[in-house]
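Welcome, and please load the model in your viewer. We will begin with the whole fold and then select a few pieces one by one.

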Amino acid sequence: MRLVHAHWRHYSGDPKTRKRSLQFLLGVLCLILLTASTALAQLGGDPERGAALYRAKGCPGCHMIRGSGGTLGPDLSFEGEVPGHDAAWHRRHLADPRSTSPGSTMPAFNLKPADAVDLIAFLTSRKRLAEDRALTPDLSRRFAALGTTLAGLRARVEKAHARGRNVDDLTVRLSQAWTHVGTVEEMVRRQNVVGARKEIQAAEDTATALTRTLDDFAAQLRQRIYLAAGTVAMILFGCWVLIRKIRLLTLEWNAEEAQREARRARGRKGPAAPEPAAPEGEG
Ligand code: HEC
């Protein structure tokens, strides 16, 4: 800038210097314009308008960005960081997905050039933020707790299996939860905290559902034990009543028999002998 000032001061000088100064200033102006236009061209489009287009064209139906959207296509949360996916790649891909991704099931989008520029500006601006790079303390704690929870659940499933329960479904769900945990590790490696949070949530949900099923099992088992104990008690009581009744009947029958015997003896010997006392009902 000081250089420009120096030339300005020369402006009032002789005509030759003045002409050279003007030429220099024109040169500087051209340079500024050129830089500005390249910068504008590099900016290339309005990501905010691109975001609106992204929704209007139905892209979220198949693509997830930061946890919302469909899952038919890849997660686009960090599309701006995918190596090789520059503006030219996106232009080709949008116009004809199979030209860049053989066998792609994504429909082709015939966009107006200005729309394509804005949409691509939006896609290439999807990048990790500082907070995406490492798990928050809260997420780390939940992730650590998951390991313990799942290990405990595995032990419970094995116990249910040992008791003769059909645990096929539980085993499948448990391994799904472990898969989510593995994916979290993968996401952390790829510094995708958004994805990691989703996987942690999914693993937690699976663990909660498993716990509920195992609790139901335990409740059912308790119920069966109570029922069995009740049945045994009823049978024992029935047996006791029956035995008592049989004993009473036997005693009565013995007493009657003894009386009959005594009467018969009296009949033979005459009325001299006293009648034997009848045994009391119960001994
Ligand atoms: C019917 C589902 C569907 C729709 C709608 C859809 N896509 Fe896709 N998209 C896919 C599938 C499947 C792929 C993976 C194959 C491929 O790369 O073409 C994909 C891949 C992509 C990729 C490459 C991702 C990567 O990193 O590999 C981008 C970028 C993309 N889509 C952007 C868009 C945009 C922008 C829209 C809306 C204008 C859109 N998609 C609409 C299904 C869809």
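Start with everything shown as a cartoon and follow the chain from its beginning: the order of elements reads α-α-α-β-β-α-α-α-α-α-α. What you are looking at is a predicted model. In total, the protein holds 9 helices and 2 strands. Of its 283 residues, 14% count as buried. If you take the contacts between residues at least 6 apart in sequence, 59% of them join residues at least 24 apart.

**First stop: helix 6**

Select residues 113–124, which form helix 6. This helix has 12 residues and reaches 16 Å from its first C-alpha to its last, close to the 16 Å expected at 1.5 Å a residue. How many of the 12 residues of helix 6 are buried? The count is 9, so helix 6 is largely enclosed by the rest of the structure. To see them, colour Ala116, Val117, Asp118, Leu119, Ile120, Ala121, Phe122, Leu123 and Thr124. Now bring in some of the surroundings: helix 3 (47–56) and helix 4 are among what covers these buried residues.

**Second stop: helix 4 against helix 6**

Keep helix 6 in view and add helix 4, residues 87–95. The two axes come within 10 Å and cross at roughly 120°. That angle makes helix 4 oblique to helix 6. The crossing is right-handed. Show side chains next: on helix 4, pick Ala87, His90, Arg91 and Leu94, and on helix 6, pick Ala116, Ile120, Leu123 and Thr124, since these residues make the contact. Colour them by class and you will find 5 nonpolar, 2 polar and 1 charged. As you look at the spacing along each helix, keep in mind that an α-helix has 3.6 residues a turn, so residues three or four places apart point the same way.

**Third stop: helix 7 and helix 9**

Move on to helix 7 (residues 137–162) and helix 9 (residues 193–269). At what angle do helix 7 and helix 9 pack? The angle is about 30°, with the axes 10 Å apart. That makes helix 7 roughly parallel to helix 9. Here the crossing is left-handed.

To view this contact, select these two groups:

- In helix 7: Leu139, Arg142, Phe143, Leu146, Thr149, Leu150, Leu153, Arg156 and Ala160.
- In helix 9: Ala196, Arg197, Ile200, Ala203, Glu204, Ala207, Leu210, Thr211, Leu214 and Phe217.

Coloured by class, the contact of helix 7 with helix 9 shows 13 nonpolar, 2 polar and 4 charged residues.

Key:
Residues are numbered from 1 along each chain as its sequence is written. This is a predicted model: local features need pLDDT of at least 70, side-chain atom pairs count only at pLDDT 80 or more; totals for chains, interfaces and linings use all residues. Axes are lines fitted to C-alpha atoms, for helices over the stretch in contact, and angles run from 0 to 180 degrees between N-to-C directions. Helices (H or I, at least four residues) and strands (E, at least two) are DSSP runs, numbered from the N terminus. Angles under 35 degrees count as roughly parallel, over 145 as roughly antiparallel, 65 to 115 as roughly perpendicular and the rest as oblique. A crossing is left-handed if the near helix is turned anticlockwise from the far one by less than a right angle, and right-handed if clockwise. Two residues are in contact if their C-beta atoms, placed from the backbone, lie within 7 Å. Ala, Val, Leu, Ile, Met, Phe, Trp, Tyr, Cys and Pro count as nonpolar, Asp, Glu, Lys and Arg as charged, and the others, Gly among them, as polar. The expected span of a helix is 1.5 Å times one less than its number of residues. A residue is buried if 20 or more other C-beta atoms lie within 10 Å of its own, exposed if 12 or fewer, and partly exposed in between; C-beta atoms are placed from the backbone.
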